There are 2 protein chains.
Amino acid sequence: MPGHERLPDGSVTSPTGFNASAVAAGLKDGGQPDVGLLVSATSCAAAGVFTQNRVRAAPVLYDEALLKERPGRLRGVVMNARVANACTGERGLKAAEAMARAAEAALELPARTMLVLSTGVIGVQLPLDRIERAVQRAAKSMNPAHGPEIARAIMTTDTKPKHLAVKVETTGGVVTVGGMAKGAGMIHPNLATLLGVLTTDAVVEVAPLSDLVRRVADRSFNAITIDGDTSTNDTVLMLANGASEVEVRRDLEGWKVFEEAVALVARELALMIVKDGEGATRFVEIQVTGAPTEPMARDLGRAIARSTLVKTALAGGDPNWGRILAAAGAAGIPIVPERMQLWAQRRAEAGGPAGEWLVLAQDGAVADADEDAARAVFTAPAIALRLDLGMGGAEATVWTCDLSEAYVRINAHYRS
Amino acid sequence: MPGHERLPDGSVTSPTGFNASAVAAGLKDGGQPDVGLLVSATSCAAAGVFTQNRVRAAPVLYDEALLKERPGRLRGVVMNARVANACTGERGLKAAEAMARAAEAALELPARTMLVLSTGVIGVQLPLDRIERAVQRAAKSMNPAHGPEIARAIMTTDTKPKHLAVKVETTGGVVTVGGMAKGAGMIHPNLATLLGVLTTDAVVEVAPLSDLVRRVADRSFNAITIDGDTSTNDTVLMLANGASEVEVRRDLEGWKVFEEAVALVARELALMIVKDGEGATRFVEIQVTGAPTEPMARDLGRAIARSTLVKTALAGGDPNWGRILAAAGAAGIPIVPERMQLWAQRRAEAGGPAGEWLVLAQDGAVADADEDAARAVFTAPAIALRLDLGMGGAEATVWTCDLSEAYVRINAHYRS
C-alpha cells in the first residue's frame, strides 16, 4: 500500500514512547513468559471494543468502566495468560483491580491509569500473589525492544506470537501504528477469546479514536471465525500517546491514510489468528457480494465460516459445496435461493499465481463443475469462495480455517 | 408409562393397514437397500414439519405443496438415501415429482397421493432412472414385515436403523403409533438432515394432527443437536389412516394418552439419533430451568448443546464447565450472569444408579467443586447438566453428544 512501510519485527512498542516487559509468573509451565506490561511514557487517548457475550470476565468489566471514566488519561496495559479471571464473581473483580494497582505501584503511576487483559481457563481465580510479584519484576526491565515478548506472553494455544507495525506518512508528518494479538481457537465474530492491542504515536482525540476502533474491528477481528464460539474475555484496545506530535483528525487530509494504516495492522493480525487456528490446515476467504447491507453480508459470511459441516468438508479437501449453500440458507437472513451464485478459487501461494474462478452453483442450483477442477481448488492450502446473493450492492469479506481432527484433540484437553 | 406397550421390533408398519418395502437401487455400495416405499391401504390424514433453512430441497417443496393441497387423502411415502435432491433447481423439482409419480404408478394409486423424502449429498441430480426401476421392484413386495427395512434404507452415516412402535389404550379403544427416523450428523434444532415418519391407525382430523406434530417435534426432533448445522431436507411426516376405527379428538378423553404416545415415539427416535451422532462417545442431557419462557429455555439449551468448545471438552471428559456458562452468555438471550446456577450429574447406566448432582457454579461464579468429583461426572458415558437462570418458571430439556475426532474424520470425506 503506498505510504505504508512495514517495520521489521514491528510491535506495539514501535510507535515512539511505548515500553514493554514480559516475565514468567509460573502460570505457564517451563518458565515461559505469561505476564506482560505495556506502558506509554505519557498519557494516552484510549478506546476499546469488548465481547458481546453476556458473561463478561472481570478484566472486561474493569476496562470498560475505566475507559468511560478517563479515556484520555491512560498509560498502559497489564496482561496475563493461562487464567481468564472469568466466572469468578466479586473476588475476581477485586483481583482485576488489584492487578492494575500492582502495575501502577510498580511503575510509579497514578491510580486508575492501567488497563487489564487476561486470557486462559474460565472459572478459576487469578493467582494474584504470583502475578503481583511478576509485575514488580517486569517493571524493572521496561524497554521498547520487549514489544514482541509481550505478544509471546499472552499466547495460550497460539503457536506463534502475533505482532507487527507500520510507519505511515500523513500530510502532517510520519506516524507509526503497532499491534499485537492473541487468538487461536474460540475465535469468532464479536471477538471470542481474542485479545488485541493497537498503539500509535499519532495525536488523536478520544471520540474519533473510539469510532475508528469499532469500524476497524468490524472488518478485521469481527470478520474472522475459527470455531463459532464467543468468549467471556474478548477485548481490542487502542492507545494513542501523541508522542509523534503529528495530529490526525477526521477533518484533516491525513486521516484517511492513518485509518488505512490502523485497518491494515488490524487485518494482518486477524489473518495471523486465522492462519494459526487450532489444528488449521487450510485458510479460507469468503466474499459475500450482492447483499442488501454490509452487516447482512458479514453475518452471512460468518454463518458459512462457522458451519461445522462446511469446515470439516474443507478439512477433507472435499468440494462438498452444497453444504455452503445450506449454511447460507440457515443463516437466518432472507436470501432468495434461486438468486445465489457460488464460485471458488485457489488462492495465490508464495510465488505461484491464483487459479481461475470456478463456477459451482448458478441460480441456487448445481452448475455441473468439473469434479477434478473442483477438487484441485478445495485441496489447496488457501481458498477463496465468492457467494453472490443477487439482492443488492453491499459486500463483506470474512476469513476462517478448516476444522480438523487436531482441533478436537487440542480442545478436548485444554485445561490439563 | 402406564397405558403404553412397546412392541418388539415395532416400526411404521406396526399400526394396522401400513405396508412397506425396501430395495437396492445401487445408490449405495454393496447392494444395500437405498429406496423404500411406505403405503397405507386406505387414505390418511397427513401433516408435516419442515426445515427452516431458506435453501429447501425439492422433496421439501413438493411435500409442503401436496400437504396443503390434499392433507386428508394421502397414501404413503417414497424415499431414497444417498442423494438429497437439494440445490438441483427446476430439474430437481421435476425429479421429485417424477419419483412420486413412479411410486403412484407402480402401486396403482391415483396421482398426488405419495409424499417424497430424500437424503444424502447436496448439489447432485437424482439418478431418476435407477430410482424408478427400484420403485417398480419395491411395489411388488409390499408387506407389514418390511417396516424395519425401510428404516435401514434411508440410513446415511447412521450406524443403525431407528424405528419403534407403541400400542396405547385410549378410552375409545386401542391404537398403535409407529415411527422411524434417520439422523446421525448435521442434526440440529429445526431438523437438520433429519427425516422422520410417524404413523398411526387412530382416526384423527388433519387440523389437530398438524398441531400435534408441531408440538411433539419441538420437544423431540427440535430439541436435539449434533453439530449445529441445519439442512436443506429435514422433514417429519405423520400419517393417520384410521384403520383402528378408534377416534381420537382433542375434546375426547383419549387425546392426552394418544398425544403422550406420539411424544414418546418421537422422543425415543430423537434420542436414538443423538446416541448415534457421528463419532459420538458421550450422551448429554441439558436441562435449562428458571427461564422466562419455554422457547427461551430451549434456545439457551441448544446454544450450549451446539458450542464446539463445550462439545470438545465433553469429548475429552474435561470438566471445563466455564465454557458452559460462556456458551450460555453467547446465546443472544438476556440472561443475568450473577443469577446462574450450574449442576452436573452422572446419569444412571444399565443397572447402575445415577450420581449426585454436583454444584459447579453458584451465582455465575465458580463454586470450587471437588476436581476429582467433577472429572468423574464428565468422564461418564451419559451426563446431565442443569442450568438455572433464576429468571422465571419455564424450562426445557435438550439432548446432544460430544464432538470427537471421529466426527471430523467422518465429515471430512462424506461424499467420497
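1. A residue is called exposed here if 12 or fewer other C-beta atoms lie within 10 Å of its own, and buried if there are 20 or more. This is a predicted model, so please read everything below as a description of a prediction. Take A:D9 to begin with: 11 other C-beta atoms lie within 10 Å, so A:D9 is exposed. You'll find A:D9 in the loop that links strand 1 (4–6) to strand 2 (18–23) of chain A. The backbone there deserves a look, since A:D9 has a positive phi, near 50°, and isn't a glycine. As background, most residues other than glycine have a negative phi.

2. A:E245 goes on the list of positive phi values too, at about 60°, and again the residue is not a glycine. Where does A:E245 sit? The residue belongs to the loop between strand 10 (235–240) and helix 6 of chain A. A:E245 has 12 C-beta neighbours inside 10 Å and therefore counts as exposed.

3. Now the overall picture of chain A. The chain holds eleven helices and 16 strands. A compact globule of 416 residues would have a radius of gyration near 22 Å, and because chain A comes out at 22 Å, the two agree. Along the principal axes, the C-alpha atoms fill a box of roughly 70 × 55 × 40 Å. Buried residues account for 61% of the 416 in chain A. As for the contacts between residues at least 6 apart in sequence, 80% of them join residues at least 24 apart.

4. On domains: the assignment for chain A gives domain 1 as 4–275 and domain 2 as 283–412. Taken over C-alpha atoms, the centres of domain 1 and domain 2 of chain A are 32 Å apart.

5. Strand 15 of chain A (residues 382–388) is a good place to check the pairing. Strand 11 (residues 283–291) runs parallel to strand 15, and seven bridges join the two. In register terms, A:F283 stands opposite A:A382 of strand 15. Strand 12 (residues 341–346) runs antiparallel to strand 15, with six bridges between them. Here A:R346 is the residue facing A:I383 of strand 15.

6. Over in chain B, B:V288 lies in strand 11 (residues 283–291). Is B:V288 buried or exposed? There are 28 other C-beta atoms within 10 Å, so B:V288 is buried. Setting aside residues up to four places away in sequence, B:V288 touches B:A297, B:L300, B:G301, B:L387, B:L389, B:E395 and B:A396. One of these partners, B:L389, is 101 residues away along the chain, yet its C-alpha atom is 7.5 Å from that of B:V288.

7. B:F18 makes a similar stop on the tour, this time in strand 2 (residues 18–23) of chain B. With 26 other C-beta atoms within 10 Å, B:F18 is buried. Beyond its neighbours within four places in sequence, B:F18 is in contact with B:V12, B:T13, B:L38, B:S40, B:P144, B:T199 and B:N241. The C-alpha atoms of B:F18 and B:A145 are separated by 9.7 Å, with their positions 127 residues apart along the chain.

8. What about the largest nonpolar core? This core has 289 residues, and those with the most contacts inside it are A:V135, A:A328, B:V135 and B:A328. Helix 6 (residues 255–275) of chain A gives the largest share of this core, eleven residues. Looking at A:V135 itself, and not counting residues up to four places away in sequence, the contacts are A:V35, A:L37, A:V78, A:A102, A:A103 and A:A106.

9. Finally, helix 2 (residues 89–106) of chain B. At 1.5 Å a residue, its 18 residues should span 26 Å, and because its end C-alpha atoms are 26 Å apart, the helix agrees with the expectation. Its buried residues are B:G92, B:A95, B:A96, B:M99, B:A100, B:A102, B:A103, B:E104 and B:A106. Which elements do these buried residues pack against? From chain B the partners are strand 3 (35–50), helix 1 (58–69), strand 4 (74–80), strand 5 (114–118) and helix 3 (128–139), together with strand 14 (365–366) of chain A. After helix 2 of chain B comes B:E108, with a positive phi near 55°.

Definitions and conventions: Residues numbered from 1 in each chain as written. Chains lettered and ligands numbered in written order. Predicted model: local features only at pLDDT ≥ 70, side-chain atom pairs only at ≥ 80, totals over all residues. Helix = DSSP H or I, 4+ residues; strand = E, 2+ residues; numbered from the N terminus. Rg over C-alpha atoms; globule rule 2.2 N^0.38 Å. Contact = placed C-beta atoms within 7 Å. Domains from an automatic or database assignment. Core = buried A, V, L, I, M, F, W, Y, C linked by C-beta atoms within 7 Å. Pairing = 2+ DSSP bridges. Expected span 1.5 Å × (residues − 1).
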